[in-house]
Amino acid sequence: MRPKAPLSAKIVTLIAFSVLYLPLLALVVYSFAAVGPEGLDPGVVPKGPLQPSGARCV
Amino acid sequence: MGSSAPARASRPPLLLLLPGVGWFLWFLLIPLAIVAVYSLAQKGTYGGVVYELSWTNYQRAADWIYLRILFNSLRLAAFTTVSCLLIGFPMAYVMATASPRVRSLLLILVVIPFWTNFVVRAYAIKVVFGEQGPINQLAMGIGLLKEPFQFANTEFAVWLGMVTNYLPFMVLPLYVAIDKFEFSLLEAARDLGASPIRAFFRVLLPLTKQGVISGSIFVFTPALGEFVIPDLLGGSRTMLIGNLITDQFLKTRDWPFGSALSLIVILIVMASLAIYLRMEAKES
């Protein structure tokens, strides 16, 4: 019979997993956004035609 | 004939050793020998190697500027290893004591970050913790910070990048060690009056020492030579020995000095391992 892990160990595990997965989650969110006119700004989604560089004209 | 057959059976099959020995010889020992020869040579005028053998590259490496970079690298690698151990041990313990279903899920969750390229992960960390990133925005939104926290190009960023990158290397060996541990020994220690902390330090930790050692080696060795994460997250402010060696080979084109620095790093890692193993042998 294995003992239950203490709460402190569970909290450390939760924080560690969130630090591991937060950047990956951010990548997923950013993958749905578009580059803004001044660089990375996922709040701005330009509607102009796509340029060869991957950017869009505003 | 009767006596020679068992002798033949117990003889190591030398042919089976050939691929492994050949691999080590061709891809490890011969390149290392070339690096050792390069380290004694001199840099040519146009970046080539001039075979005038001397110890000047090693004397140059003993300069205070390079010693400080080496010391910083050792400090950061040691700090990363200790951090991974302090975070990884509770994680491995939670995994080993969880129900089989949760255990499998947690194991998969530890491995999944490996599916992403670590350069992409380093950039993702930079974005998340950056000045315009969600963490800073949230902290400023709730009034915790007045100005955004400077994350990029700091030693903290390098440390965080290295810990998130190497944490699975620590967790997996620790999990294997704790999973094999006989938990009734902990119960016995508690029955005999040991506090949870005493039971941890006197029973659990010594009996899972092999996992701690393996994990520490898996983290410390690559962390000491790391050059991509310091480059991406530390910027030009953080110069570690890995960056210095890379610069010698790719920018300065001083291959002999780069080779000398590489050999010094290899010797440091080997010496620390040898000292540790000798101490272990003495203890046992």
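This note covers the interface of chains A and B, two pockets and one cavity in a predicted model.

1. Extent of the interface. On the chain B side 29 residues are in contact with chain A, and on the chain A side 21 residues are in contact with chain B. The two chains bury about 2100 Å² between them. Of this area, 80% lies on carbon and sulfur atoms. B:M91, B:V94 and B:V127 supply 20% of the area that chain B buries against chain A, more than any other three residues.

2. Polar terms across the interface. The count between chain B and chain A is 1 salt bridge. A:R2 and B:D179 form a salt bridge, with their closest N and O atoms 2.8 Å apart. Residue pairs in polar contact across the interface number 3, both partners being at pLDDT 80 or more.

3. Helices of chain B at the interface. Five elements of chain B each supply at least two residues of the side that touches chain A: α4 (64–97), α5 (100–111), α6 (118–129), α7 (134–141) and α8 (155–180). α4(B) gives the most, with 7 residues. By class, this side of chain B has 22 nonpolar, 3 polar and 4 charged residues.

4. Largest pocket, size and centre. The space in the largest pocket is about 510 Å³. Its lining counts 18 residues. Those that lie nearest the centre are A:P6, B:Y93, B:P196, B:F200 and B:L204, so named residues of both chains are found there by the lining rule, which takes any residue with an atom within 4 Å of a point.

5. Largest pocket, make-up of the lining. Chain A contributes at least two lining residues through α1 (7–31). On chain B, α4, α9 (184–191) and α10 (196–207) each do likewise. α10(B) has the largest share, 6 residues. The lining divides into 14 nonpolar, 1 polar and 3 charged residues.

6. Second largest pocket. About 320 Å³ of space lies in this pocket. Its lining consists of B:T81, B:L85, B:V212, B:I213, B:S216, B:I217, B:F220, B:T221, B:V269, B:S272, B:L273 and B:Y276. The elements that give two or more residues to this lining are α4, α11 (209–224) and α14 (255–283) of chain B. α11(B) gives the most, with 6 residues. No charged residue lines the second largest pocket; the classes there are 8 nonpolar and 4 polar.

7. Cavity, size and lining. The structure holds 1 cavity of 30 Å³ or more. The space in the largest cavity is about 90 Å³. From chain A, the lining takes A:L20, A:P23 and A:L24. From chain B, the lining residues are B:P113, B:F118, B:R121, B:A122, B:I125, B:G161, B:T164, B:N165 and B:I229.

8. Cavity, elements and classes. α1 of chain A, with α6 and α8 of chain B, each supply at least two residues of the cavity lining. The largest share, 4 residues, comes from α6(B). By class the lining has 8 nonpolar, 3 polar and 1 charged residues.

9. Recurring elements. α4 of chain B gives the most to the side that touches chain A, and α4 also supplies at least two residues to the lining of the largest pocket and two or more to that of the second largest pocket. α1 of chain A supplies at least two residues to the lining of the largest pocket and at least two to that of the largest cavity. α6 and α8 of chain B each supply at least two residues to the side of chain B that touches chain A and at least two to the cavity lining.

Definitions and conventions. Residues numbered from 1 in each chain as written. Chains lettered and ligands numbered in written order. Predicted model: local features only at pLDDT ≥ 70, side-chain atom pairs only at ≥ 80, totals over all residues. Heavy atoms only, no water. Contact = heavy atoms within 4.5 Å. Buried area = accessible area lost by both parts, 1.4 Å probe. Salt bridge = Lys/Arg side-chain N within 4 Å of Asp/Glu carboxyl O. Polar contact = N/O pair within 3.5 Å; in protein donor to acceptor, adjacent residues only side chain to side chain. Nonpolar A, V, L, I, M, F, W, Y, C, P; charged D, E, K, R; others polar. 1 Å grid on protein atoms, 1.4 Å probe; cavity = no way out; pocket = protein on both sides within 12 Å on 5 of 7 lines; lining within 4 Å. Points joined across faces, edges and corners; volume = space filled by probe spheres on them.
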